[in-house]
Amino acid sequence: MDDQARHNMELVDGSSVAVIGGGPSGSFFSYFALEFAARLDLEINIDIYEAKNFSKIGAGGCNHCGGIVSESLVQKLSTDGIVIPAHIIQRGISTYTMHAEQGEVVIKTPSNEHRIASVFRGCGPKGCLDTSQRSFDNFLLGLCQEKGADIIPEKITKVERHEDGIIVNSKRFGDKKYDLVVGAVGLNKKTLDLFGTLNPGFRPPGVTRTYICEFYLEQDVVDKYFTESMHVFLLNIPNVTFGALIPKDNYVTLVLLGKDIDKHVVADFIRSEQVKGCFPENFKLDESAPCKCYPFVNVKGALEPYADRMVLVGDSASSKLYKNGIGAAYITGRAAANTVIFEGVSKKDFESSYKTVCGDLDTDNNVGKLIFWVTRFIQKSAVLKTGLLDMVMREQKEDHSKRLMSSALWDTFTGSAGYRNILLRFFHPALLFNFMWSIVSANFKRLKL
């Protein structure tokens, strides 16, 4: 590539950028691109195309997410100057309650701080009467607007590559040429196919179907039955790898992750005694969730999510397996912004740094698949679950315990640490020895009883 061509593949004063999608990944990219550009005294223009109105309740403002901001992400955002307002946070999560057929145990945050936040991505679920501005996604878009981004409430109908840019078409505004187009469209197949026209080598992420619903409860009922604890379930139910109840203000969000969740799997889950036991007696779970959906989640990273003047971020490229999708949006959005501002917008530029970030997430997810395979094996074994519960209970009772299993499970549930880090901790000799001892001793006691 000669010097002139190289210059044409860099953002300069007056360059224009289209960000397709105003969810967390699109907002994080926009925020950091404008922040980094300001450090170089570089003036760029960013248009964020987002058809949804995140200030609306129900499907019109929903972005299909359980809504957990992990403790590690809270810290990173704070370091970057992004402090989540108190009115955005629905509830601080200070403990996890792990349920199995053999019992339950409360796992305290390793640092004893309330740093995990439950949020609504939109303004609230269908039927919500509170219309106050509490949307996490709307908050991030507001930060981008403060930085100078323009929000265009439109769907994209076509993208077309030209020698000196990419044409983006919307019904209302027609054609507009950009020096860079960023895809933050989640797993929307129709829009992802548009990016395939810009890069024939692009292959969308692998997906599986999950389940999310919102149960309405009075705030005092949520306070009484759920307090500040997120409830996770290790139940032997086919297709369910991970189930959780996330308390918010006056709602509780149910999230089921696994393989091809359908209505039969959901029915088996909510009929379980462990799930019903979390709610008030006679509360009808199957009739009390008017807002529910079966969204897709990313389980395998996209192939070549970048080309000259084009890059995809968040779920459209790489995410974190079953966990912390908002955290992955931050990682990929920030990394892509760093590339386009400090390196350039050519395919070669993205391959030199952004590809490494996506590849690291994908590699970590492969380790995560092994961890969840082991988790599923434990879910099917009463003997192993009895030992697991016993070990965690003993760790939580001992003030000076290193809580090896508890902290590893905490990070598995929250996504606060990478799967490779967690796997290494699971292989700690002391953890393995104590787990084996708990399996033998706890099951021996159970047999005696």
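These questions and answers walk through a predicted model of one protein chain.

Me: How many helices and strands does the protein chain have?
Reply: Both kinds of element occur in this predicted model. The protein chain has 14 helices and 21 strands.

Me: What radius of gyration does the protein chain have, and what would a compact globule have?
Reply: Start with the length, 449 residues. A compact globule with that many residues would have a radius near 22 Å. The value for the protein chain agrees with this, because it is 23 Å.

Me: What box do the C-alpha atoms fill?
Reply: The box is taken along the principal axes. Its size is roughly 80 × 50 × 35 Å.

Me: What share of the residues in the protein chain is buried?
Reply: A residue counts as buried when its relative accessible area is under 20%. Of the 449 residues, the buried share is 56%.

Me: What share of the contacts joins residues 24 or more positions apart?
Reply: Take the contacts with a separation of 6 or more. Among these, residues 24 or more positions apart account for 73%.

Me: What part of the exposed area do carbon and sulfur atoms supply?
Reply: The protein chain exposes about 20,100 Å². Carbon and sulfur atoms supply 54%.

Me: Is K248 buried or exposed?
Reply: K248 sits in the loop between β16 (240-247) and β17 (251-258). Its relative accessible area is 1%. The cut-off for buried is under 20%, so K248 is buried.

Me: Which side chain makes a polar contact with the side chain of K248?
Reply: K248 touches several residues beyond its neighbours in sequence, among them G66, Q90, S118 and F120. The backbone oxygen of V119 lies 3.0 Å from a polar atom of the K248 side chain. A polar contact between side chains, at 3.1 Å, joins K248 to T253.

Me: What is the N to O distance in the salt bridge between E214 and K248?
Reply: E214 and K248 are both buried. Their side chains meet in a salt bridge, N to O, at 3.8 Å. The pair links distant parts of the chain, with E214 in strand β14 (residues 211-216) and K248 in the loop between β16 and β17, 34 residues apart. The N to O distance is 3.8 Å.

Me: How many residues apart in sequence are the parts that E101 and K385 tie together?
Reply: The structure holds 17 salt bridges. In one of them, the side chains of E101 and K385 meet at 2.4 Å, N to O. E101 lies in the loop between β5 (95-100) and β6 (103-108), and K385 lies in helix α11 (residues 382-397), so the parts tied together are apart in sequence by 284 residues.

Me: Which of E101 and K385 is buried, and which is partly exposed?
Reply: E101 has 37% relative accessibility, so E101 counts as partly exposed. K385 has a relative accessible area of 3%. The buried residue is therefore K385.

Me: Which residue forms a salt bridge with R121?
Reply: Both R121 and D137 are buried. The closest N and O atoms of the pair are 2.6 Å apart. R121 lies in the loop between β7 (116-119) and α4 (136-147), and its partner lies in helix α4, so the pair ties together parts 16 residues apart in sequence. The partner is D137.

Me: Which residues are linked with K147 in a network of salt bridges?
Reply: The network links K147 with two other residues. They are E35 and R39.

Me: Which elements do the buried residues of α3 pack against?
Reply: In helix α3 (residues 71-79), E71, S72, L73 and L77 are buried. Just after α3, G81 takes a positive phi of about 85°. The buried residues of α3 pack against α2 (24-39), β3 (68-69), β7, α9 (325-342) and α12 (404-414).

Me: Where does V297 lie, and which residues does V297 touch?
Reply: V297 lies in strand β19 (residues 296-300). Leaving out residues up to four places away in sequence, V297 touches L187, G206, V207, T208 and T210.

Me: Is W373 buried or exposed?
Reply: W373 has its place in helix α10 (residues 347-379). With L370 and V374, W373 forms a nonpolar surface patch of about 320 Å² accessible area together. Its relative accessibility is 58%. The cut-off is over 50%, so W373 counts as exposed.

Terms used. Residues are numbered from 1 along each chain as its sequence is written. This is a predicted model: local features need pLDDT of at least 70, side-chain atom pairs count only at pLDDT 80 or more; totals for chains, interfaces and linings use all residues. Side-chain values use heavy atoms; hydrogens and water are left out. Patches are made of residues with over 30% relative accessible area and no salt bridge: like charges are joined within 9 Å, nonpolar side chains (Val, Leu, Ile, Met, Phe, Trp, Tyr) within 5 Å. Accessible areas come from the Shrake-Rupley method with a 1.4 Å probe; for residues, only the protein chains shown count as cover. A salt bridge is a side-chain nitrogen of Lys or Arg within 4 Å of a carboxyl oxygen of Asp or Glu. Helices (H or I, at least four residues) and strands (E, at least two) are DSSP runs, numbered from the N terminus. Buried means under 20% relative accessible area, exposed over 50%, partly exposed in between (1.4 Å probe, protein chains only). A polar contact is a pair of N or O atoms within 3.5 Å; within protein, one must be able to donate a hydrogen and the other to accept it, and residues adjacent in sequence count only if both atoms are side-chain atoms. Contact means heavy atoms within 4.5 Å. The radius of gyration is taken over C-alpha atoms; the globule rule is 2.2 Å times the number of residues to the power 0.38.
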